[in-house]
Amino acid sequence: MVLIAPSLLSADFKVLKEEITMIEQSGADWLHFDVMDGRFVPNISFGLPVLEAIRPITTVPIDCHLMVEEPSKQIPLFAQAGADYISIHLEATSHIDRDLSLIKEYGSKTGVVINPGTAVELLNPILHRVDMVLVMTVNPGFGGQSFISEVSNKVDWLKKEREANGYDYLIEVDGGINVQTIQSVSNADVFVAGSAIFNAADRSREITLLREKAEK
Ligand code: DX5
Ligand code: ZN
C-alpha cells in the first residue's frame with residue numbers, strides 16, 4: 001500500500017482552506033498535521049484551534065504528528081477535535097504504553113514516532129499494539145530539510161519484524177521526502193511530503209510521481 005500524506009506545514013496559511021481543497025483534488029490520501037510546541041522541537045507551528053477549523057472542511061484522514069512535551073495533556077483534545085491518527089514521540093514521554101492506551105481510549109488510531117538518533121529496537125515492547133510507526137527521516141522541527149539516508153535501515157527492519165511476527169502497523173516516513181529520496185524508503189506505506197508537494201508547480205503531478213516511485 002502507498003499512501004501520500006502532504007504536510008500542511010508547507011501550505012500557504014493565509015489561504016489554508018483553498019490549499020486543503022486543492023491538495024485533496026490533487027490526490028492526497030491523508031493530510032499530515034505537524035504540531036510543534038517550541039519545547040520538544042525548537043519551532044512553534046499550529047495547534048488545536050487550527051485542527052478544529054479544518055476538520056469540518058475535509059473528509060480526508062488527518063494524521064496528527066505531535067512534536068510536543070507531555071503529549072498526554074494534548075491527546076484527549078486532539079482526539080476530540082477529530083484527529084484520525086495521533087502520533088507521539090517516544091522521546092517525549094516516559095510513559096509510552098500509557099499514552100498509547102489514552103489515544104485508543106479517546107478513539108483515535110495510535111502512532112509512535114522515533115527521531116533519527118533513536119534506535120528502532122526500542123519499539124519492540126509496543127510493536128504489537130500500535131497502528132503506525134513513524135520513522136523520522138530528518139530531525140523534527142522544520143520543513144524543507146535534507147533527507148537522512150541511513151534511517152532507511154529502520155524502515156527495512158520494521159517491515160521484517162511485521163512479517164516475522166504478524167503485526168499490522170503501518171510504516172510512515174517523514175522529512176526530506178521527494179522524487180529522488182522516496183525510493184530508498186519504499187518499504188514504508190505512508191509517505192509524508194511537505195515542501196516537495198506544496199512547492200511543486202503541479203502538485204497533482206508531484207503526488208502521482210511520488211506514488212509511482214514509491215510503488216516500484
Ligand atoms: C518536520 C515535520 C515534517 C515536515 C516535512 O519536523 O514533521 O512533517 O513538514 O517537510 P518536508 O517534506 O519539507 O521535509
Ligand atoms: Zn511531521
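User: Which strand holds aspartate 34?

Analyst: This is a predicted model. The UniProt annotation "active site", from an unreviewed entry, covers Asp34 and Asp174. Aspartate 34 has its place in strand S2.

User: Why can Asp34 and Asp174 be said to gather at one spot?

Analyst: The "active site" annotation in the unreviewed UniProt entry covers Asp34 and Asp174. They span 141 residues in sequence, yet they gather at one spot, because no two of their C-alpha atoms are more than 10.5 Å apart. Both Asp34 and Asp174 belong to the lining of the largest cavity.

User: What takes up the space of the largest cavity?

Analyst: The lining of the largest cavity takes in Asp34 and Asp174. The space itself is taken by ligand 1.

User: Which residues come nearest to ligand 1?

Analyst: There are 20 residues around ligand 1. By class, this shell has 8 nonpolar, 10 polar and 2 charged residues. The nearest are Asp34, Gly141, Asp174, Gly194 and Ser195.

User: How far is a polar side-chain atom of aspartate 174 from an oxygen atom of ligand 1?

Analyst: Take two other contacts to oxygen atoms of ligand 1. Histidine 65 has a polar side-chain atom 3.2 Å from an oxygen atom of the ligand. For glycine 144 it is a backbone N or O atom, at 2.8 Å. For the side chain of aspartate 174 the distance is 2.6 Å.

User: How much of the area that ligand 1 exposes when taken alone does the protein bury?

Analyst: Aspartate 174 places a polar side-chain atom 2.6 Å from an oxygen atom of ligand 1. Taken alone, the ligand exposes 380 Å². The protein buries 100% of that.

User: Which strand gives the most to the shell around ligand 1?

Analyst: Strands S2 (31–36), S3 (62–67) and S8 (190–193) each supply at least two residues of the shell. With 3 residues, the one that gives the most is S2.

User: Which residues of the "binding site" annotation does the lining of the largest cavity include?

Analyst: The annotation comes from an unreviewed UniProt entry and covers Ser7, His65, Gly141, Phe142, Gly143, Gly144, Asp174, Gly175, Gly176, Gly194 and Ser195. Of these residues, the cavity lining includes Ser7, His65, Gly141, Phe142, Gly143, Gly144, Asp174, Gly175, Gly176, Gly194 and Ser195.

User: Where is phenylalanine 142?

Analyst: Phe142 is among the residues covered by the UniProt "binding site" annotation. Phenylalanine 142 sits in the loop between strand S6 (132–136) and helix H5 (152–165).

Definitions and conventions:
Residues numbered from 1 in each chain as written. Chains lettered and ligands numbered in written order. Predicted model: local features only at pLDDT ≥ 70, side-chain atom pairs only at ≥ 80, totals over all residues. Heavy atoms only, no water. Near = heavy atom within 4 Å. Polar contact = N/O pair within 3.5 Å; in protein donor to acceptor, adjacent residues only side chain to side chain. Areas by Shrake-Rupley, 256 points an atom, 1.4 Å probe, with all protein chains shown as cover. 1 Å grid on protein atoms, 1.4 Å probe; cavity = no way out; pocket = protein on both sides within 12 Å on 5 of 7 lines; lining within 4 Å. Sits in = over half its atoms within 2 Å of the grid points. Helix = DSSP H or I, 4+ residues; strand = E, 2+ residues; numbered from the N terminus. Nonpolar A, V, L, I, M, F, W, Y, C, P; charged D, E, K, R; others polar. UniProt positions renumbered as here; feature names shortened; annotations may be inferred.
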